[in-house]
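Q: I have a structure in front of me and no idea how to read it. Can we go through a few features together?

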Amino acid sequence: MLKLDKINFKIEDRKILDDFSLDVEDGKIHVIMGPNGVGKSTLSNIIMGNDNYKDYTGTITFNGEKIDGLSVDERSRKGIFLAMQNPIAIEGITNSEFLRNALTSRDSKNFSLFNFIKDVEKSVDDLKMDRSMIHKNINQGASGGERKKNEVLQIKILKPSFIILDELDSGLDVDSLKIVCQNIVEYKEQNPNTSILMITHYPRILKYIHPDYVHMMKDGKIVKTGDYSLALQIEKYGYSDTNDINEEENYE
Ligand code: ADP
Ligand code: MG
């Protein structure tokens, strides 16, 4: 579904991504773990087409089509969604207006206000959010956890086919994390072809959302790929070279 081929990106002469390549197949869940500042959010922004990150080299292919040069909204229309690490509040537009505009700008002919309202109310209930948020400005006065839930609400309504979750677990208490993950898992069951790129520091979230692959990112690229056990290894030993760790273990 999404193929990153040799992405290079610099910020002020500092190399952030260095020949970063990754192939996410239809319906698969890939996890990226890596130390703070390694470039995980930068990667998310590059995939989403954020204007501040457009000066990369390399190729991004989405469903067989090169999308380099496309804007955020064009990529969004194709089905790419980024749940941001730190969602901001936006004044002057309510959640309901935002979701409605996003849907009608994509497909105004088949938009049904009745179904839209039903869908939003159900999704808000599923996420155990307060229905009053529907008519409030986006994230205004919302806590970190409420903002994360709002990102998942957007997923449920906009129905993307490629979802990037940038530290979805940060800012969520244990109960909210469970609710949010249940909603993602349910979405994935209903839309099995959806692919997910999940950025996290903690294996905790992977107990709910089971990954197909776990990648460790270091020095601007993926340096190791494994499964859930790699996430556990990283939690235990940190981001030091896990090959060394294996050898040490053999001595015990
Ligand atoms: P991560 O998400 O892995 O913690 P980031 O992708 O947020 O890391 O950041 C990678 C590096 O790039 C950091 O050193 C960060 O300070 C820097 N960086 C990211 N975005 C910007 C920006 N817009 N302006 C300046 N520096 C940035
Ligand atoms: Mg980040």
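A: Sure! Let's begin with polar contacts: a polar contact is a pair of N or O atoms within 3.5 Å. Keep in mind that we're looking at a predicted model.

Q: Okay, so how far is the backbone N or O atom of G39 from an oxygen atom of ligand 1?

A: That distance is 2.9 Å. K40 also has a polar backbone atom 2.8 Å from an oxygen atom of ligand 1, and for V38 the distance is 3.2 Å.

Q: How much of ligand 1 does the protein cover?

A: On its own, ligand 1 has 560 Å² of accessible area, and the protein covers 64% of that.

Q: Which elements give two or more residues to the shell around ligand 1?

A: Those are β2 (14-24) and α1 (40-48). The largest share, three residues, comes from α1. Sorted by class, the shell holds five nonpolar, five polar and two charged residues. Among the residues around ligand 1 are R14, K40, S41 and Y53.

Q: Let's zoom out. Which domains does the protein chain have?

A: The domain assignment gives domain 1 (1-78 + 212-252) and domain 2 (87-161 + 169-190). Their centres, taken over C-alpha atoms, are 26 Å apart. Seven residues from domain 1 and four residues from domain 2 make the contact.

Q: And how do I read the size of an interface?

A: It's often given as the accessible area lost when the parts come together. Here, domain 1 and domain 2 bury about 420 Å² between them, with 45% of it on carbon and sulfur atoms. On the domain 1 side, M1, G27 and R77 supply 65% of the area buried against domain 2, more than any other three residues.

Notes:
Residues numbered from 1 in each chain as written. Chains lettered and ligands numbered in written order. Predicted model: local features only at pLDDT ≥ 70, side-chain atom pairs only at ≥ 80, totals over all residues. Heavy atoms only, no water. Near = heavy atom within 4 Å. Polar contact = N/O pair within 3.5 Å; in protein donor to acceptor, adjacent residues only side chain to side chain. Areas by Shrake-Rupley, 256 points an atom, 1.4 Å probe, with all protein chains shown as cover. Helix = DSSP H or I, 4+ residues; strand = E, 2+ residues; numbered from the N terminus. Nonpolar A, V, L, I, M, F, W, Y, C, P; charged D, E, K, R; others polar. Domains from an automatic or database assignment. Contact = heavy atoms within 4.5 Å. Buried area = accessible area lost by both parts, 1.4 Å probe.
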